[in-house]
Amino acid sequence: MTTPASLTVDLNALSHNFHALEAISGAPAHPVVKADSYGLGAVPVAKRLMAEGARTFFVARLAEGVALRAALGPEPTIYVLDGCVGDAPAALKAADLRPILNHGDQLTAWRSAHGGACGLQIDTGMNRLGFRVEDAPEPFEGLELVMSHLACADDPAEPMNRRQRDAFAAAATRYPGVTRSFANSGGCFLGADYAFDTVRPGICLYGGGPEARPDDRLKPVAALTAQVLQLRDVRAGESVGYSRGFVASMPRRIATCGAGYADGVLRSNGGEGQVWAAGALRPILGRVSMDVIAVDVTGADVTLGDTVELFGANRMLDDAARAAGTIGYELLTSITPRVPRRYVG
């Protein structure tokens with residue numbers, strides 16, 4: 001069935017970014033495929049990355065790991081960032097998943113269940129998940145990976161990056177022979193001494209830049225498009241959309257396009273949002289509706305059935321996010337299930 005909104009995922013671009021991030025960081029990349037690979041589809045993404053050489057993946061939730069294991073089979077290593085929550089040990093063991101242990105209760109639960117291989121997170125200043133440096137446990141059987149997470153990697157000049165890096169390096173010496181993972185997407189670009197043994201890219205795999213702006217070394221992976229459902233001429237003084245969100249000061253040609261907030265187009269796009277149409281950026285007028293947006297195509301060669309690009313190769317993800325007052329992560333993960341994913345490459 002045809003739908004007016006579509007998300008196209010370029011697997012060749014994904015592969016390019018994977019290898020580019022390994023080259024830039026100088027370390028093997030263990031992809032982060034949580035949140036359904038940031039909305040792009042964890043199974044097709046992970047399968048393609050396995051074909052490119054990836055053998056270790058990170059998810060956030062137990063259910064994500066169980067689904068990924070069922071799709072990928074026994075070969076890859078899959079870490080669950082939430083760790084051991086509640087009665088998770090049995091399910092983790094059944095699916096051959098490795099929890100990232102974040103505090104003493106999780107460590108006790110996993111060891112009591114004779115869980116086996118796992119990872120350990122050290123909090124080096126983000127104050128989110130992980131053991132404080134001073135509370136990090138002694139080495140124990142089954143520990144395969146020790147990690148931390150950068151809080152400010154999208155700002156290379158932020159002194160906290162170096163403080164976290166040095167704290168992690170010191171803490172990791174407690175675990176000789178254990179794989180060390182520190183750099184996220186932005187961290188891949190901070191220098192070789194941030195890479196340690198492996199890096200964990202997420203948003204940069206999917207086309208976002210390391211500093212929340214486009215980077216020429218990375219290719220756009222996802223393209224969200226919408227079909228033109230109707231064209232109309234609006235007279236001066238007439239309004240467009242709910243609550244008269246836009247009032248025309250002069251005659252305008254308006255394209256009503258089939259994507260709205262029920263598809264994941266944020267309502268904040270109603271201010272500075274733009275789409276790519278007929279070879280140029282065109283403003284979104286008025287409020288984003290549940291199912292449609294209005295685009296100013298005055299003077300453009302646009303016909304019924306044409307498509308406009310909300311982000312993609314012509315309207316870069318980070319630029320679209322900035323116009324909506326958010327970040328690329330939110331644009332990708334907001335795309336709803338009713339938008340079909342189409343894979344190319």
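Start by selecting Ser-25 and Leu-21: the Ser-25 side chain reaches the backbone oxygen of Leu-21 at 2.8 Å. Bear in mind as you click around that this is a predicted model.

Keep Ser-25 selected and add Ala-27. Here the backbone nitrogen of Ala-27 sits 3.3 Å from a polar atom of the Ser-25 side chain.

Now show the ribbon. Ser-25 belongs to helix 1, which covers residues 11–25.

Next, switch on a surface around Ser-25. Is this residue buried or exposed? Ser-25 has a relative accessible area of 4%, and because the cut-off for buried is under 20%, it counts as buried.

Which residues should you pick to see what Ser-25 touches, leaving out those up to four places away in sequence? Go for Cys-188, Ala-192, Ala-195 and Val-199.

Time to zoom out to the whole chain. Colour by secondary structure and you have 10 helices and 17 strands to look through. Turn the C-alpha trace along its principal axes, and it spans about 75 × 45 × 35 Å. The radius of gyration is 23 Å, which agrees with the value near 20 Å for a compact globule of 345 residues.

Colour by burial next: 51% of the 345 residues count as buried. If you draw contacts between residues at least 6 apart in sequence, 63% of them join residues at least 24 apart.

Finish on the outside. The chain exposes about 15,000 Å², with carbon and sulfur atoms supplying 50% of that. Select the charged side chains and you get 33 positive and 37 negative ones, with the centres of the two sets 3 Å apart.

Terms used:
Residues are numbered from 1 along each chain as its sequence is written. This is a predicted model: local features need pLDDT of at least 70, side-chain atom pairs count only at pLDDT 80 or more; totals for chains, interfaces and linings use all residues. Side-chain values use heavy atoms; hydrogens and water are left out. Helices (H or I, at least four residues) and strands (E, at least two) are DSSP runs, numbered from the N terminus. Buried means under 20% relative accessible area, exposed over 50%, partly exposed in between (1.4 Å probe, protein chains only). A polar contact is a pair of N or O atoms within 3.5 Å; within protein, one must be able to donate a hydrogen and the other to accept it, and residues adjacent in sequence count only if both atoms are side-chain atoms. Contact means heavy atoms within 4.5 Å. The radius of gyration is taken over C-alpha atoms; the globule rule is 2.2 Å times the number of residues to the power 0.38. Accessible areas come from the Shrake-Rupley method with a 1.4 Å probe; for residues, only the protein chains shown count as cover. Lys and Arg count as positive and Asp and Glu as negative; His and the chain ends are not counted. The place of a charge is taken as NZ of Lys, CZ of Arg, CG of Asp or CD of Glu.
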